[in-house]
Amino acid sequence: MFFVLLVIVLICAIALPGLWVKRVLKKYQEPADRYKAQGSGAELARHLLDRFDLQEVAVEETTGGDHYDAEAKAVRLMEERFHGHSLTAITVAAHEVGHAIQDARGERLFRNRQTLARLAIRSQQIGGAAMIAAPVVIMLTRAPGVGLAFFAAAIGSMFVSTLVHLATLPVELDASFGKALPILEEGNYLHDGDLPHANRILKAAALTYVAASLGSLLNLGRWLAVLRR
């Protein structure tokens with residue numbers, strides 16, 4: 001019973017942050033026309049970038065999640081944020097512009113984050129490849145120990161990716177509360193009463209990568225089921 005409870009607690013700890021992030025972002029997408037008069041998320045992003053003399057940074061629509069691409073110099077927003085006029089659209093756009101400001105200023109934390117992000121991607125790739133290779137290695141070598149070594153390497157790589165995202169959390173928090181929140185507040189971009197709600201959205205935006213990385217750990221159960229076959 002203790003083991004079952006422990007597993008339930010671990011699953012909740014892994015899954016709940018992601019569910020909370022999705023819930024917050026979805027909640028404040030309504031009313032969808034709240035900032036119709038002020039412009040869409042993309043229009044606010046463009047305005048803020050120009051305000052901070054970042055004309056070289058593009059604003060693009062994406063299907064790959066809201067993010068700032070430091071190599072391409074582009075703020076990328078999902079369709080509902082790019083074209084949207086909700087509080088979520090406005091606030092997430094400001095968060096991503098916050099990353100562009102970090103990059104333009106050459107802030108050390110942001111530079112370190114870029115290095116760690118590449119490490120996270122490589123770790124995920126290694127982990128996925130090792131997980132796929134493990135059962136094949138066991139069949140070819142008939143040496144379970146070797147296959148288990150591959151499996152252990154895969155788990156280690158996935159945990160490294162999660163730890164890397166945790167290590168970059170200060171960068172996300174700065175983009176939200178060191179950049180976006182003061183910009184939105186001091187520039188009077190928000191309607192009366194929206195600041196506390198924007199604060200929640202900015203917390204969700206800062207936790208997006210961490211939540212996604214934690215959620216990826218749930219895939220371990222699926223891989224374990226495959227290896228048992």
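# A tour from Asn 188

Asn 188 sits in the loop that runs between H7 and helix H8 (195–216). Select this residue first; the model is a predicted one. With a relative accessibility of 66%, Asn 188 counts as exposed, because the cut-off for exposed is over 50%. Now look at the backbone of Asn 188: phi is positive, about 55 degrees, although the residue is not a glycine. In general, most residues other than glycine have a negative phi.

**From the loop to H7 and H4**

Next, select helix H7 (residues 169–186) together with helix H4 (residues 87–104). Two packed helices are described by the angle between their axes and the distance between the axes. For H4 and H7 the angle is about 115 degrees, and the axes are 8 Å apart. An angle of 65 to 115 degrees counts as roughly perpendicular, and H4 and H7 are therefore roughly perpendicular to each other. Their crossing is right-handed.

Show the side chains where these two helices touch. On the H4 side, select Ile 90, Thr 91, Ala 94, His 95, Gly 98, His 99, Ile 101 and Gln 102. Opposite them in H7 are Val 171, Glu 172, Asp 174, Ala 175, Ser 176, Lys 179, Ala 180, Ile 183 and Leu 184. Coloured by class, the residues of this contact between H4 and H7 split into 8 nonpolar, 6 polar and 3 charged.

**H4 again, with H2**

Keep H4 on screen and add helix H2 (residues 41–51). What angle do the axes of H2 and H4 make? They cross at roughly 35 degrees and come within 8 Å. H2 passes H4 in a crossing that is right-handed. From H2, the residues to select are Gly 41, Leu 44, Ala 45, Leu 48 and Leu 49. They meet Ala 89, Ile 90, Ala 93, Ala 94, Val 97 and Ala 100 in H4. By class, the contact of H2 with H4 comes to 10 nonpolar residues, 1 polar and no charged ones. Ile 90 and Ala 94 of H4 appear in the contact with H7 and also in the contact with H2.

**Either side of H2**

Go to the loop between H2 and strand S1 (58–62), and select Asp 53 there. Asp 53 has a positive phi of about 55 degrees and is not a glycine. Is Asp 53 buried or exposed? At 57% relative accessibility, Asp 53 counts as exposed.

Then move to the loop between helix H1 (2–27) and H2, where Pro 31 is found. Look at the peptide bond that leads from Glu 30 to Pro 31: the bond is cis, with omega near -5 degrees. In general, most peptide bonds are trans.

**The loop before H4**

Select His 85, in the loop between helix H3 (79–82) and H4. His 85 has a relative accessible area of 14% and is buried. Which residues is His 85 in contact with, leaving aside its neighbours within four places in sequence? They are Ala 32, Asp 33, Arg 34, Tyr 35, Lys 36, Gly 39 and Ser 40.

**Arg 76 in strand S3**

Now pick Arg 76, in strand S3 (residues 74–78). Arg 76 counts as buried, at 17% relative accessibility, because buried means under 20%. Not counting residues up to four places away in sequence, Arg 76 touches Glu 60, Thr 62, Gly 65, Asp 66, His 67 and Asp 69. Pick the C-alpha atoms of Arg 76 and Asp 66: they are 5.6 Å apart in space, and the two residues are 10 apart in sequence.

**An aromatic pair**

The structure holds 1 aromatic pair. To see it, select Tyr 68 and Phe 110. The rings are tilted, with 50 degrees between the planes and 6.2 Å from centre to centre. Tyr 68 belongs to strand S2 (residues 67–69) and Phe 110 to helix H5 (residues 108–141), so the pair links distant parts of the chain, 42 residues apart. Tyr 68 counts as buried, at 10% relative accessibility. Phe 110 is buried with a relative accessible area of 3%.

**The whole chain**

Finally, show the whole protein chain as a cartoon, with its 9 helices and 3 strands. Along the sequence the pattern reads α-α-β-β-β-α-α-α-α-α-α-α. Of the 229 residues, 41% are buried. Among contacts with a separation of 6 or more, 72% are between residues 24 or more positions apart.

Terms used:
Residues numbered from 1 in each chain as written. Predicted model: local features only at pLDDT ≥ 70, side-chain atom pairs only at ≥ 80, totals over all residues. Heavy atoms only, no water. Axes fitted to C-alpha atoms, helices over the stretch in contact; angles between N-to-C directions. Helix = DSSP H or I, 4+ residues; strand = E, 2+ residues; numbered from the N terminus. Parallel < 35°, antiparallel > 145°, perpendicular 65-115°, else oblique. Left-handed = near helix turned anticlockwise from the far one by under 90°. Contact = heavy atoms within 4.5 Å. Nonpolar A, V, L, I, M, F, W, Y, C, P; charged D, E, K, R; others polar. Phe/Tyr/Trp six-rings, centres within 6.5 Å; stacked < 30°, edge-to-face > 60°. Buried < 20%, exposed > 50% of the residue type's maximum accessible area, 1.4 Å probe, protein only.
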